[in-house]
Amino acid sequence: WRLGHRDRFTLTEYARKTPPKSAQVMMDTEIVLLAVAPDGKLMVSLGADQKLRAWDLDSGRLVKTWKGPAKALSLELIDDGRKLQIVVAKDAGKFKLADFTSKGPASLEKLNATLALQTVDLQDPEKHQVEKFDAARLAAPISVLFGGAGAAPIMLHGRIVLPNQQMFSPIALARSPDGKTLALGGFVTITKLDGNQPTVRQEGALLLWDLTKNEVRKLLKGHESMVIAVAFAPDGTLASASFDRTVKLWKADGAERATLTGHRAPILSLRFAADGKRLFSGAADGNVHVWDVAAAKPEQILRGHQEAVLNIGATRDGRHLVSSSSDGIMKVWDLAAARGPAPMHFDAAVRDLVFAADGTTLLAVDQSGLLKQCDAATGKELSKRAAFEKAITRTLAISSDGKMAAYADVATNKIVVRDTV
């Protein structure tokens, strides 16, 4: 009900210049990775053009542009926003199945070998340091399916062998806050013999890897389809998102805590607020859902993207959220404005509503003829009266000073003018 739009501004630097040939083709997707500074003043983005861009989050102004790496999977601002950590895929698409399929500690070692860490000093971005990938230093979650052209084959071709004829294919990675656990989201393939005929079944799963012992700690099941995104909260709570349109919350020990439902499309991205009290999930229909983690209930839905939301970032103070979609559009959301006022309640069906000329008052009339005036900013009820008795109203108009209302009475085919105060 606020007159101001819920997203503060939209950035179209990476917007697709031509319509996609097919919604199903990955090459049509404009991947835009995002990172938000802890103080909420700066955002860094990386698109398919392999250019890093720094943005002023207050104004949306482009501050700086410099060359970035190819095949990047994630961005995160570290050291209080002074440095940028980039995870990149090495030689994406050149690995064979046998290069990655293995058991035990070797599985993680081979996975690490396909990635690298690049650190950029924002004071001198032309200088950067490339190091061997270390999962214990991973700052931002990775969702490899939507990390850049050619990145996906690394994960999809690689599999971790588990007991009972199970093969786990990792797609998403996230490190726990204490640095001791790596959560891998993906799917498990189970092969069994039914007589002489082998049967193959796949289901979504998460693998918890103990980084201190370098071994699998637990396999978590519950999603019906592949897990596309994972994220940790500061208290160790783990969230997983799936093609099955659900988000699951898991306790630090791997016990399932809750299932969040409400998305109408596959969920592709996740991010916790800095305090862990809210969770943001982006879906293929362009909507971003905001969840109350403690209550495991929806808080609000941010609508505005026309295509799938692939990446999400949030400021530390919780005021702003940034999101990017598959058409290259980036949006910065004002979460306080998006929350909106309290709802107005009526005992009968609402027939019409209109803003007063000053935009601060909302007037609505229900089928019983009850007229309510509310504060448009807060939803607080200012007054109510049975102004129209039992008239069957279809339309309502308010005078510029808000003191008179006109309505059409369907029963008598008359237009009636009444005082509102």
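The lining of the largest cavity in this predicted model comprises 15 nonpolar, four polar and one charged residue. Twenty residues form this lining, and Pro-141, Ser-143, Leu-270, Leu-310 and Asn-311 lie nearest the centre of the cavity. Two or more lining residues come from each of strand 2, strand 6, strand 10 (142-143), strand 16, strand 20 and strand 24. Strand 20 makes the greatest contribution to the cavity lining, with four residues. The volume of the largest cavity is about 230 Å³, and a search of the whole structure returns one cavity of 30 Å³ or more.

Open space was examined as well. The largest pocket reaches a volume of about 750 Å³. Its lining consists of 31 residues, and those closest to the pocket centre are Glu-76, Ala-139, Arg-271, Phe-272 and Ala-274. By residue class, the pocket lining contains 22 nonpolar, three polar and six charged residues. At least two residues of this lining are supplied by each of strand 2 (33-36), strand 6 (72-78), strand 12, strand 16 (227-232), strand 20 (267-272) and strand 24 (309-314). Strand 2, strand 6, strand 16, strand 20 and strand 24 thus appear among the contributors to the pocket lining and also among those to the lining of the largest cavity.

The packing of nonpolar side chains was considered next. The largest nonpolar core contains 22 residues, within which Val-87, Leu-173, Leu-182 and Leu-184 touch the most other members. At least two core residues are provided by each of strand 7 (83-89), helix 2 (105-113), strand 8 (115-121), strand 11 (160-162), strand 12 (166-175), strand 13 (181-194) and strand 14 (197-210). Strand 13 is the main contributor to this core, with four residues. Another core, of 17 residues, lies apart from the largest one and includes Ala-35, Leu-46, Leu-75 and Leu-84. Strand 12, a contributor to the largest core, also supplies at least two residues of the lining of the largest pocket.

Across the protein as a whole, the secondary structure comprises four helices and 33 strands. Of the 421 residues in the protein, 51% are buried. The exposed area of the protein is about 19,900 Å², of which carbon and sulfur atoms supply 50%. Among contacts with a separation of 6 or more, 45% are between residues 24 or more positions apart.

Two residues other than glycine were noted for their backbone geometry. Lys-71 has a positive phi, near 60 degrees, and is located in the loop between strand 5 (62-67) and strand 6. Because its relative accessibility is 33%, Lys-71 is classed as partly exposed. Arg-245 likewise has a positive phi, of about 70 degrees, although it is not a glycine. The position of Arg-245 is in the loop between strand 17 (238-242) and strand 18 (247-250). With a relative accessibility of 42%, Arg-245 therefore counts as partly exposed.

Technical notes. Residues numbered from 1 in each chain as written. Predicted model: local features only at pLDDT ≥ 70, side-chain atom pairs only at ≥ 80, totals over all residues. Heavy atoms only, no water. Core = buried A, V, L, I, M, F, W, Y, C linked by side-chain atoms within 4.5 Å. Buried < 20%, exposed > 50% of the residue type's maximum accessible area, 1.4 Å probe, protein only. 1 Å grid on protein atoms, 1.4 Å probe; cavity = no way out; pocket = protein on both sides within 12 Å on 5 of 7 lines; lining within 4 Å. Points joined across faces, edges and corners; volume = space filled by probe spheres on them. Nonpolar A, V, L, I, M, F, W, Y, C, P; charged D, E, K, R; others polar. Contact = heavy atoms within 4.5 Å. Areas by Shrake-Rupley, 256 points an atom, 1.4 Å probe, with all protein chains shown as cover.
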